[in-house]
Amino acid sequence: ATDVSEVTLVLWLLIQASVVWAILLGYLMEQISTLNAASKLDEERRRVLSQYLVWREVPQSLVVRVRDHLFFRWRTNEGLDAYEQEILDQLSPVLRKELSYHIHASALRTAPFLGWMHEACLKELAQMVETLYLSKGDYLFHVGQANEQMHILIQGSVRLTLNHNWHRGHVNCGNETKTQKDFVLLQMMRLLKQVRAMREHAPIYGAKVLRHAEAVVRTRDLKQSWAARFIQNRWRKRREGLDD
């Protein structure tokens, strides 16, 4: 009887081990298949891109820039950016607001000039956030342009200049902000207009708080503008002295 019970126990354990092993093996094969599919998709996109650039006879210098920009974007989004927008378009207004806030909350909360805003306001703004991928040579804005957008730099660097000849080898159209390399940029479309609309039509946001915040932002802008002009003038004088 003892031998029969021991054999039965061993057989039962072998069956369980076989089932667990089959499950683990199936999961492992699924992961390998997923990785192979992603690798094949990436290779296919690279191959099609190479064919297109050859077909258009794009010069090598431009080929490198185009490839770097697209590879950066593909790595960042993992090919899901178009699908994400499709999902947002299919959601109800409430779910779209919540999902948009979940996606962009980290960037909005870390922005010092939005620290005074209530979470309800940030959720409204999150629906207007657009992710931009820019490359070296792109302009964000020019002096004199209407201030209807706000930008939050997530990755990369930008340069603010009032010099016409700051960048050699590029045509300069005047005073502008110019990107230095690929980066991810969150652009809040018509932010100032939306804040004013909130102040006029939504008392829950607090008109006094918004007016005070707007005044603080304008004061900081004036101080930063004065500091920028001061630094530029000192830099020019020092540059002229070195040239002499």
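**Exercise 1. Elements of the chain**

How many helices and how many strands are there in the protein chain? Give their order as well.

Solution. The structure is a predicted model. Step 1: the protein chain has seven helices and six strands. Step 2: read from the N terminus, the elements run α-α-α-α-α-β-β-β-β-β-β-α-α. Step 3: of the 244 residues in the protein chain, 23% count as buried. Step 4: among contacts with a separation of 6 or more, 68% come from residues 24 or more positions apart.

**Exercise 2. An annotated segment**

Find what UniProt places at residues 7-29 and describe the chain there.

Solution. Step 1: the unreviewed UniProt entry puts a "transmembrane region" at residues 7-29. Step 2: over residues 7-29 the model is 100% helix and 0% strand. Step 3: the C-alpha atoms at the ends of this stretch are 32 Å apart.

**Exercise 3. Two helices in contact**

Describe how helix H4 and helix H5 are arranged, and list the residues through which they meet.

Solution. Step 1: two packed helices are described by the angle between their axes and the distance between the axes. Step 2: the axes of H4 (residues 93-110) and H5 (residues 119-126) come within 8 Å and cross at roughly 105°. Step 3: angles of 65 to 115 degrees count as roughly perpendicular, and H4 and H5 are therefore roughly perpendicular to each other. Step 4: H4 contributes Lys 97, Glu 98, Ser 100, Tyr 101, His 104, Leu 108 and Arg 109, while H5 contributes Glu 119, Leu 122, Lys 123, Glu 124 and Ala 126. Step 5: sorted by type, the residues of this contact are four nonpolar, two polar and six charged.

**Exercise 4. A backbone angle in a loop**

Locate Glu 57, state what is notable about its phi, and decide whether Glu 57 is buried or exposed.

Solution. Step 1: Glu 57 lies in the loop between helix H1 (2-55) and helix H2 (60-77). Step 2: most residues other than glycine have a negative phi. Step 3: Glu 57 is not a glycine, yet its phi is positive, about 55°. Step 4: exposed means over 50% relative accessible area; Glu 57 has 69%, so Glu 57 is exposed.

**Exercise 5. A serine between two strands**

Is Ser 135 buried or exposed, and which side chain does its own side chain contact?

Solution. Step 1: Ser 135 sits in the loop between strand S1 (129-134) and strand S2 (139-142). Step 2: buried means under 20% relative accessible area; the value for Ser 135 is 16%, so Ser 135 is buried. Step 3: the side chain of Ser 135 makes a polar contact with the side chain of His 69, at 2.6 Å.

Definitions and conventions: Residues numbered from 1 in each chain as written. Predicted model: local features only at pLDDT ≥ 70, side-chain atom pairs only at ≥ 80, totals over all residues. Heavy atoms only, no water. UniProt positions renumbered as here; feature names shortened; annotations may be inferred. Helix = DSSP H or I, 4+ residues; strand = E, 2+ residues; numbered from the N terminus. Axes fitted to C-alpha atoms, helices over the stretch in contact; angles between N-to-C directions. Parallel < 35°, antiparallel > 145°, perpendicular 65-115°, else oblique. Contact = heavy atoms within 4.5 Å. Nonpolar A, V, L, I, M, F, W, Y, C, P; charged D, E, K, R; others polar. Buried < 20%, exposed > 50% of the residue type's maximum accessible area, 1.4 Å probe, protein only. Polar contact = N/O pair within 3.5 Å; in protein donor to acceptor, adjacent residues only side chain to side chain.
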